[in-house]
Amino acid sequence: MGTRPTGITGSYSLDRVSRFAHPAGDRHAEVLPEDRPPHTPADLNTLDPTIWPRTSNRADGSITVGGVDVRDLVEAHGTPLYVVDEEDFRSRCRDYRSAFAGGEVHYAGKAFLCREVARWIMQEDLGLDVCSAGELAVALSVGFPPERITLHGNNKSLAELEKAIEAGVGHIVADSFEEIARLGFLADRHGKRPQIMIRVTVGVEAHTHEFIATAHDDQKFGFSLSSGAAAEAARRILSLPQLELVGLHSHIGSQITDTAGFEVAARRLATLLVQIKEEHGVVLPELDLGGGYGIPYVDGDTALDVKEIADSLREIVSKVTKAAGLPVPKLTVEPGRAIAGLAGMTLYEVGTIKDVEGLRTYVSVDGGMSDNIRTALYGAEYTARLASRESTSGPMLSRLVGKHCESGDMVIRDLWLPQDLATGDLIAVAGTGAYCRSLANNYNYLPKPAVVAVKDGGARVIVRRETEDDLLRGQL
């Protein structure tokens, strides 16, 4: 095993041992592009307040969140473990509600939804976006007001649409011509007149990963503005008296860190609003610009200011609609990651620590792509810290990997951990509150972790850990 130096010095050579250098094998670039390692942090124990939950701290060396020591959480609930800072989550709800006063804020449930989170959203007076009958069932099971729910989805089944209409959801976002026909049929059958929005593909390039960019024409969501499909969708909805067309919807992508794309989207939506007014004499009262606001995951990432976002979007919508000779519509936004993401962290226990001589050090934890597939899916980056104690040891360049039978099973591709890291230590990964539990799976038959909410020194399970019985249930 190689020595454990305090950082990279001198030439960057293949002859160095893994904790000193970081070259890639010949085939590595066929899986993921090789980048230079991250800068060595000045202190491996600090918690950047822009990345970690708002109530996180260190006490007696251990990370605490919500006033609870992570060692106590693990002793009571095991690992891997999702931890949600309830006060952080709720405070971000309040930040958005205050910043967008006069408009509507709907939490995007796909980021992370369970019954308790639905209660928090309801209690903080936000609306809720759902994308399936299952998400709708979660909301309705806790008495969430259906008029504050919006149903999304590119392939809503007849049963899902019927459930939404029967429940009286506030908005249904139409995504295809077939869906418009289904909605007309179901509305007529049930004697109801649901409020409909048109999802418009505005042709904006959001500077984000291909898999989470959603406003270019060549993708599955919405009606293309440039082809005329969006205008035709308006014609078809307005021709059906059992449907009420109330507005346009646009979502340009995820993990977006500026409002430039939203301005382009709003301008293009305004042209459609004008066309609908001129062709049908109808002024649509609502405009939904979606969500996708980015959060910082690693040092150097942009931390968006909610008030600046709100002021900018209001100014954009006001300017473009007034310029088009239209009244300013009610603005709706749909933050998901921006509320849930930084409120969550994941705790793992370190298992095997393996030096691959001349290459790198692999630190294996007891989870991986079953509880966080984002790194494997689109190269997501994260920040992690030794959580169960502080260390004065020098930095060790590492790759944090899971226990699954996949070479791409990485939690963090490149990070610095203390050289004295040992089996049994706890690692905390920040920023896992969004799209980790939601995308969790049972690959290699690993049970999904529990979700624990912490607040004011107390902890409670809000989603229980799966068991082997759960994994076998339903098998014949």
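Glu116 is buried, at 15% relative accessibility. The model described here is predicted. In this model, Glu116 takes part in two of the contacts described below, one with Arg119 and one with Arg460.

The contact with Arg460 is a salt bridge, with N and O 2.5 Å apart. Arg460 lies in strand β21 (residues 458-463), whereas Glu116 lies in helix α3, so the pair ties together parts that are 344 residues apart in sequence. Arg460 is partly exposed, and its relative accessible area is 35%.

The contact with Arg119 is also a salt bridge. Here the closest N and O atoms are 2.8 Å apart. Both residues belong to helix α3 (residues 115-123). They are 3 residues apart, so about one helical turn separates them. Arg119 is partly exposed, with a relative accessible area of 28%. Side chains of opposite charge can pair when their charged atoms come close.

These contacts belong to a wider network of salt bridges. Glu116, Arg119 and Arg460 are among its members, which also include Glu86, Glu87, Arg90, Arg94, Arg97, Glu124 and Lys455. The structure as a whole holds 28 salt bridges.

Helix α7 (residues 229-238) provides another example within one helix. Its residues Arg236 and Glu232 form a salt bridge, at 3.0 Å from N to O. They are 4 residues apart, about one turn of the helix. Both side chains belong to partly exposed residues: Arg236 has 36% relative accessibility, and Glu232 has 24%.

Strand β8 (residues 171-174) shows a buried setting. His171 and Val173 point one way from the strand. Ile172 and Ala174 point the other way. All four are buried. In a regular strand the side chains alternate between the two faces of the sheet.

Strand β8 pairs with strand β7 (residues 149-151) in the parallel sense, over 2 bridges. Leu151 stands opposite Ile172 of β8. Helix α5 (residues 158-167) joins β7 and β8 in a right-handed β-α-β unit.

Strand β8 also runs parallel to strand β9 (residues 195-201), and 3 bridges join the two. Ala174 has Ile198 in β9 as its bridge partner. From β8, the chain crosses through helix α6 (residues 177-190) to β9. This β-α-β crossover is right-handed.

Key: Residues are numbered from 1 along each chain as its sequence is written. This is a predicted model: local features need pLDDT of at least 70, side-chain atom pairs count only at pLDDT 80 or more; totals for chains, interfaces and linings use all residues. Side-chain values use heavy atoms; hydrogens and water are left out. A salt bridge is a side-chain nitrogen of Lys or Arg within 4 Å of a carboxyl oxygen of Asp or Glu. Buried means under 20% relative accessible area, exposed over 50%, partly exposed in between (1.4 Å probe, protein chains only). Two strands pair if DSSP finds at least two bridges between them. A crossover is right-handed if, with the strands pointing away from the viewer, the path from the first strand over the helix to the second runs clockwise.
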